[in-house]
Every structure is written in C-alpha cells, then in structure tokens.
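Trainee: I should like a close look at a single part of this model, namely the place where the two chains meet. Please describe it in one connected account.

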2 protein chains.
Amino acid sequence: MAIVVKKFGGTSVGSIELIRSIAHKIAITHQEGESLVLVVSAMAKTTDELMRLAFEISDHPSRRELDMLLTAGERISMSLLSLALHNEGYSSISFTGSQSGILTDAMHGNARITDVNAFRIREELGKGKIVIVAGFQGVSPAKEITTLGRGGSDTSAVALASYLKADKCEIFTDVDGVYTADPRLVANARLIPEIDYELMLALAYSGSKVLHPRAVEFAYKYNIPVEIKSSFSFAPGTMMRSASNMENRKTFMEDKKITAIAHKDGLIRYQFNLEPKLIESLKKWNNEIFRYRFVEGVLELVIESKYENEIDHLMVSQGFDLYDKSSVWASISLVGLGINLDPVFLADLLDLLNEFHIESISHSDKTIDLLINSDNLVECLNLLHKTYIEESK
Amino acid sequence: MAIVVKKFGGTSVGSIELIRSIAHKIAITHQEGESLVLVVSAMAKTTDELMRLAFEISDHPSRRELDMLLTAGERISMSLLSLALHNEGYSSISFTGSQSGILTDAMHGNARITDVNAFRIREELGKGKIVIVAGFQGVSPAKEITTLGRGGSDTSAVALASYLKADKCEIFTDVDGVYTADPRLVANARLIPEIDYELMLALAYSGSKVLHPRAVEFAYKYNIPVEIKSSFSFAPGTMMRSASNMENRKTFMEDKKITAIAHKDGLIRYQFNLEPKLIESLKKWNNEIFRYRFVEGVLELVIESKYENEIDHLMVSQGFDLYDKSSVWASISLVGLGINLDPVFLADLLDLLNEFHIESISHSDKTIDLLINSDNLVECLNLLHKTYIEESK
C-alpha cells in the first residue's frame with residue numbers, strides 16, 4: 001500500500017478558510033488505495049502569540065513549560081484539520097508528537113529526534129484512516145513533551161516518512177518549490193524541477209528558507225524523496241532526491257556550473273575578543289549561528305537580527321569584550337559543483353561586482369559566499385543571476 | 001558482461017618490478033567473464049623528470065609542446081604493462097587518451113573532459129582483450145593532445161567507467177583506502193569501509209589526497225561506485241557510493257557526528273591588496289588555490305608551497321601590492337553532518353585547542369576548518385581524532 005506523507009506549514013493552515021481549503025484539496029487529490037499521513041505546524045502566528053503570553057507572565061519562562069504551552073499550537077491545527085476532513089466525508093484521526101512515537105532527547109526547545117516508533121499511525125492507516133500528526137514536537141525518555149526547534153515540522157514529516165517507508169514525502173509550503181534564486185527578488189528566477197540532496201543542503205545552509213538543513217540531512221541519510229510544492233496550487237514543485245536517482249542531470253561531464261543562488265538578509269555581525277566566559281556562554285546558547293569565523297583571537301558571529309536583543313542582553317550581563325558590532329548585512333551564496341579550486345571564478349566575480357562594496361568572499365566545496373551591504377542585495381542578486389544562470393549555457 | 005575499470009597511479013607502476021607485480025596480481029585476480037580496462041599514470045617521477053628536461057631547454061615552454069612531451073609518460077607505462085600482461089599469457093592492447101576517445105576542451109595542461117567516445121575500447125573488450133589506457137590525457141576538438149591536470153588519471157578512469165557502464169571503478173593507490181585521519185600521523189586512525197560521495201567530496205576539498213575532488217564530483221554526477229584500495233595488497237579498501245546505496249549508515253537519525261578529519265600541510269598564505277591587475281592575473285592562473293578569502297579589500301590566498309616560486313615571480317613581475325605573506329600553515333578539517341549551526345561544537349573546539357595557536361576557524365555546511373601552525377599539526381590531529389572519533393559514541 002502506497003504511503004504518502006504530506007506536511008503543511010503554518011501559513012498553509014493559517015486560517016479556518018485555509019484549513020477547509022487544504023482538506024478539500026486533499027479530498028479531491030486523494031488516490032484510491034493511497035494511505036495518507038498529514039503533518040501540520042501550528043497556525044501561523046499562533047506560536048508567536050503563545051510566546052508573547054508566556055513572556056508577559058514571566059521574564060524567564062522555564063523551557064519545559066514553554067514546550068507544554070507551544071505544543072498546544074499544533075494540537076489546535078491538527079484537530080481542526082481532522083474536523084475539516086470529517087466534513088469532506090473522510091475518516092481521520094489526529095495524534096500528538098508523543099502519540100505518534102516521535103522520540104527525542106531531553107533538550108527542551110531544540111530537541112533532536114533520536115528514534116521513531118509510530119505503531120499507532122500504522123494501525124490507524126491499516127483501518128483506512130487519514131492520520132494527522134502534530135509536527136515540531138516529540139517526547140523525551142522521561143516522557144516529557146519536547147519541541148524540535150527550527151525546521152522541526154519538516155523534520156517530523158521526513159522522519160515519519162522514513163519510519164513508514166513512505167513512497168514520498170511532500171512538503172506543502174507558501175512557495176512553488178526551489179528556485180534558481182528568490183523569485184520575489186529576482187524576476188527571472190526559474191523553478192528547479194529536480195535537485196539532489198547535496199546541492200539542496202548547500203542551499204539550505206546558505207539561507208534558502210524552503211527547507212531547513214536538518215530536514216535535508218535527514219532525507220539524505222534515509223534517502224527519502226521529498227517534493228516541495230505549493231499548498232495553494234498543489235502543482236508539481238521541486239523533487240529532491242539522490243543524484244543517482246535524478247532524471248535529468250543539470251551538469252554534463254566536467255562542466256562547472258552554478259545551479260542556484262541563495263541569500264539571507266537582515267544579518268548582524270558581532271566580533272568578540274575570545275575569552276573563557278564567551279566560550280562557556282556559547283555552549284549554553286540554544287540558537288543557530290548563520291556563520292562564524294575565528295581569526296587571530298577575534299570570534300566573528302553572523303546571526304539573524306531576531307537574535308540581536310538576546311545577544312545584546314548576554315553581552316551586557318556577562319560583560320563580553322566586544323570588538324565590533326555592525327549591521328545590516330546580506331549573504332549571497334552561489335551554489336554549484338566544480339567552481340572552487342578555479343581562480344577564474346573568483347576573478348570574474350570580483351570583476352563583475354567591482355562597483356559594489358563586498359565585505360567578504362569565502363567559499364566551501366560547492367559554494368562561493370559573499371557578504372554585502374543589505375542595500376545592494378537585490379541589485380547584486382539580479383546581476384549574479386543574469387550572469388551565472390540566465391546567460392550561462 | 002561485467003566491466004571493471006582499474007586505475008593504477010604513478011607509485012603503483014613506479015618500476016619494472018612493480019609493473020610485473022601488478023600484471024601478476026591482475027592475472028591471478030581476474031574473474032572468468034569479467035572485462036578489464038586498466039588506466040595507468042606515468043611511472044612515478046617520470047613527469048617531473050620530463051618537466052625538468054623541458055625547463056632545461058626553455059624558460060617558457062609552450063603548453064602545447066609540454067603536453068606532447070608529458071603524455072609520453074603514460075605511453076611508456078601503458079605499453080610496459082601491456083607487455084607484462086602478455087608475459088602472464090593475456091591478450092592486451094594499450095591506447096592513448098586520444099585513441100580511447102577522451103575528448104577535452106583546448107586548455108593545455110589543465111583540460112576538462114567534455115565527452116567520451118570509447119568505441120575502440122568496447123571493440124577490443126568484445127574480442128576478449130584487456131585494454132590499457134593512458135590516464136591524464138585526452139584530445140581537443142582541434143585534435144591536439146591535452147593533459148588533464150591534477151586528479152586527471154582518476155578522472156579518466158571514472159569517465160571511462162561511466163561511458164562503459166562499468167560495474168565498478170577501482171582506484172589502486174599507495175594507501176589502503178580512506179581513513180578517519182591520515183594513518184601516517186594518527187596511529188589510531190581507522191579505515192572507513194564505506195563512504196558517500198557527499199562526505200568524500202568534503203574530505204577531498206579539505207586536503208585528503210586519496211582522491212581528487214574532480215574525480216569525486218564526476219563519480220557523484222554519474223553514480224559510479226568507486227573503490228579505493230592498495231595496489232600492493234589488493235585488499236578490500238574504501239567503497240565510495242551514494243548514501244542511498246550504502247550498506248551501513250554511519251549516523252543515526254539526527255546524530256551530529258564527525259566522520260573523518262582531513263588535513264593539508266605546507267601551506268603559504270599570501271594577502272594582497274586588491275587591484276585590477278591582480279584580478280587579470282588570477283584569470284590566467286592555471287593552478288589550484290587551496291582556500292581563498294576576500295575581506296575588506298584584501299585578497300587572501302592559501303596555496304601549497306610548491307606554487308610559491310610561481311606566485312613570487314608573478315608578484316615581482318606584475319608589481320602586486322603585497323599586504324602580507326606567511327608560512328608554514330597547516331589546515332585541519334573536521335568533516336561530518338549536522339555539526340555547523342550548533343554553537344556547542346565551536347565552543348568545545350575552542351576549549352579543546354586552547355593551548356595551541358589557532359590562526360583561524362571557519363566552516364562550511366559539513367566541515368569545520370582550522371588553520372594552525374604547521375608545527376602543531378600532528379599534536380592537534382591526534383587530539384581531535386581522540387576526542388571526536390575515538391571517544392565519540
């Protein structure tokens with residue numbers, strides 16, 4: 001029996017109308033004999049609102065209680081979607097992360113999945129039911145409720161697809177799939193119909209918000225084909241799979257080619273003189289760093305501006321030795337194979353962007369990464385897309 | 001009919017005794033019904049010796065004539081190996097890169113493979129012959145002889161395996177396979193029996209000399225399983241394949257794990273103030289850069305010391321604005337999945353290495369890269385291996 005896991009993010013289930021519409025679309029696209037597992041996030045803004053409430057009550061809410069609070073968000077969206085499916089004439093049942101057997105470590109707020117034991121889902125599928133699962137949440141060895149942190153719901157979906165040996169995992173979101181660049185900023189950006197885990201991982205780490213790196217890594221480890229597609233149109237989107245299973249190779253022989261351009265805007269750069277208390281603080285810091293670099297005693301952290309208050313607070317309370325702080329930066333990454341040992345790529349790039357202020361250029365095995373002033377982001381993105389994607393053979 | 005491509009590097013065919021021994025081992029391991037293609041490099045030191053002769057005649061030998069000269073190297077090793085196989089009672093025939101249909105662009109000294117049309121090899125295999133092919137060389141559209149540059153012979157072998165739809169490509173070399181760290185420097189390093197393209201590519205770009213990145217990229221694009229093994233023992237080595245075809249996954253669920261540690265010693269760092277003539281020069285520079293970084297107008301190139309004279313010469317003749325030059329650096333890269341958005345890894349690393357001078361730490365999507373004083377290389381490698389590989393669950 002073919003099993004398909006479909007995941008709907010917060011904006012896809014952001015209102016009663018949207019939930020009804022999703023239920024309707026699921027009903028009309030439902031294939032005879034296909035078993036469905038639907039993983040949902042909390043309705044858009046619910047999590048933020050719950051967080052706001054918690055911080056209204058306490059300046060330092062306990063992570064355990066926060067997790068109890070936040071997991072109510074998916075509980076709401078999953079039961080509403082189940083009710084909407086009943087209206088469509090389907091038999092459906094909703095499960096929390098714990099009921100679904102998403103086992104995690106004990107790190108509240110940023111737990112990692114350690115195992116999946118979704119026998120209840122399998123039982124219900126066997127009875128012909130559509131199963132709806134709360135994404136983003138799990139249960140620790142001590143039976144405490146945990147949340148998975150960023151990228152959590154996508155990771156829940158991929159983990160369940162792996163356990164259930166699903167034929168496919170579909171991530172429904174508010175974009176049509178993975179583009180050669182962000183179509184909101186680059187008018188000529190094209191949808192990429194097929195991409196391999198390798199390049200998708202580089203894109204995800206470079207700021208592409210379509211799929212979180214941890215979900216890509218999970219899919220890659222367990223070889224789960226994942227389709228990223230629009231929850232509004234349900235149209236074919238981007239199929240992510242192993243390079244060996246791709247239908248159309250995007251590069252030929254030893255071609256050196258940029259496949260896509262990722263970016264991340266709204267970045268702040270902190271530079272600290274390294275000292276033991278800073279290291280201790282880093283160990284406890286439960287958020288992501290976008291990029292870091294340590295050079296000659298100075299630790300540079302490039303982070304999203306939403307963490308600014310938190311870092312500033314830490315900085316003052318701990319008395320870190322600040323070397324420099326600056327904003328607003330944007331990062332652009334050219335992603336492709338074979339582009340890095342070649343000095344010509346670097347030289348062409350320096351030529352191409354010579355009228356802009358480039359703060360830094362660095363590279364990895366399949367990215368070339370630029371840090372620029374946020375003001376130049378759109379212009380640079382379009383110029384790079386034109387040169388390396390539109391005009392490239 | 002199963003086709004196997006076996007490639008022997010320069011040290012594997014470095015003497016008449018070694019060539020005889022290879023021929024003998026091939027004869028005794030040859031399976032009934034298996035077709036063999038043997039790709040060979042020039043005998044060790046032959047290329048250097050030919051280069052020396054060329055530079056004795058001319059300070060600026062033409063790249064075209066150099067390619068004519070250097071390709072004699074593989075011509076010697078391939079015909080000697082063919083003769084040795086005749087002695088073992090086999091029918092064999094040797095082909096140059098051109099005769100083998102390795103088509104390249106016109107970049108003498110650093111050509112890229114653009115297509116393969118190895119019909120002559122297929123014909124001879126059909127007659128039951130063992131085919132021996134000169135690695136590292138090809139032919140341009142204008143029918144000029146080209147050489148492929150670094151990693152060329154491995155890439156020839158993988159490209160032929162792809163054209164012939166070979167069951168396997170075996171790279172015979174002077175090490176037993178891919179290790180968790182260089183076993184010459186880290187006594188406790190372990191052989192990795194199986195690795196995926198993704199991590200191998202990161203290792204190759206980070207200094208692991210076992211396989212050149214371009215050969216890994218080619219194998220990855222065309223999904224060629226490649227075994228790296230010892231030309232002395234012929235024992236099972238490291239199998240490189242797609243993660244989805246791996247027999248044993250090395251990480252579980254969302255584990256964050258360092259798989260291996262790569263390093264590169266003998267590095268020089270140049271820092272130049274950026275100017276147009278430097279960019280023009282980079283465009284023409286036909287060698288690899290190990291790492292580069294551009295920060296606030298200063299271009300930093302980290303290169304192998306063997307290029308030092310060449311760069312110094314360029315620097316003086318072009319009058320580049322040198323900001324700083326320093327040596328001898330070593331690079332160490334921790335390679336694994338899921339290690340990068342996590343501040344804890346960085347903090348632990350800073351703690352662990354606090355008694356050493358760390359020049360810089362940076363990262364990519366699956367590496368954490370350190371630049372240290374060459375003097376500390378062995379001690380740091382062993383400490384990191386002990387902490388992240390031996391003592392890690």
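Mentor: What follows is an account of the contact between the chains, with a short look at one helix pair at the end.

The model is predicted, so local features need pLDDT of at least 70 and side-chain atom pairs count only at pLDDT 80 or more, while totals for chains, interfaces and linings use all residues. Residues are numbered from 1 along each chain as its sequence is written, and chains are lettered from A and ligands numbered from 1 in the order in which they are written.

Chain A and chain B each bring 52 residues to the contact, two residues being in contact if their C-beta atoms, placed from the backbone, lie within 7 Å. On chain B, the elements that each supply at least two residues to the side touching chain A include helix 7 (197–205), helix 9 (276–284), strand 14 (291–295) and strand 17 (358–363). Here helices (H or I, at least four residues) and strands (E, at least two) are DSSP runs, numbered from the N terminus. This side of chain B comprises 26 nonpolar, 11 polar and 15 charged residues; Ala, Val, Leu, Ile, Met, Phe, Trp, Tyr, Cys and Pro count as nonpolar, Asp, Glu, Lys and Arg as charged, and the others, Gly among them, as polar.

The copies meet through the same surface, because 100% of the interface residues of chain B are also interface residues in chain A. Chain B is superposed on chain A by a rotation of 180° with 0.0 Å of shift along its axis (RMSD 0.0 Å), the fit being by least squares on the C-alpha atoms of residues with pLDDT of at least 70 in both. The two copies are therefore related as by a two-fold rotation axis. Ser364(B) has the C-alpha nearest the axis in chain B, at 2.7 Å.

Strands also join across the contact. Strand 14 of chain A (residues 291–295) pairs with strand 17 of chain B in the antiparallel sense over two bridges, pairing requiring that DSSP finds at least two bridges between the strands. Val295(A) faces Ser360(B) there. Both strands belong to a closed barrel of 12 strands drawn from chains A and B, with antiparallel pairing. Within chain A, strand 13 (residues 257–273) pairs with strand 16 (residues 322–337) over 12 bridges, again antiparallel, and Ala260(A) stands opposite Val335(A).

As for the helix pair, Asp154(A), Thr155(A), Val158(A), Ala159(A) and Ser162(A) of helix 5 of chain A meet residues of helix 7 of chain A, among them Phe218(A) and Tyr222(A).
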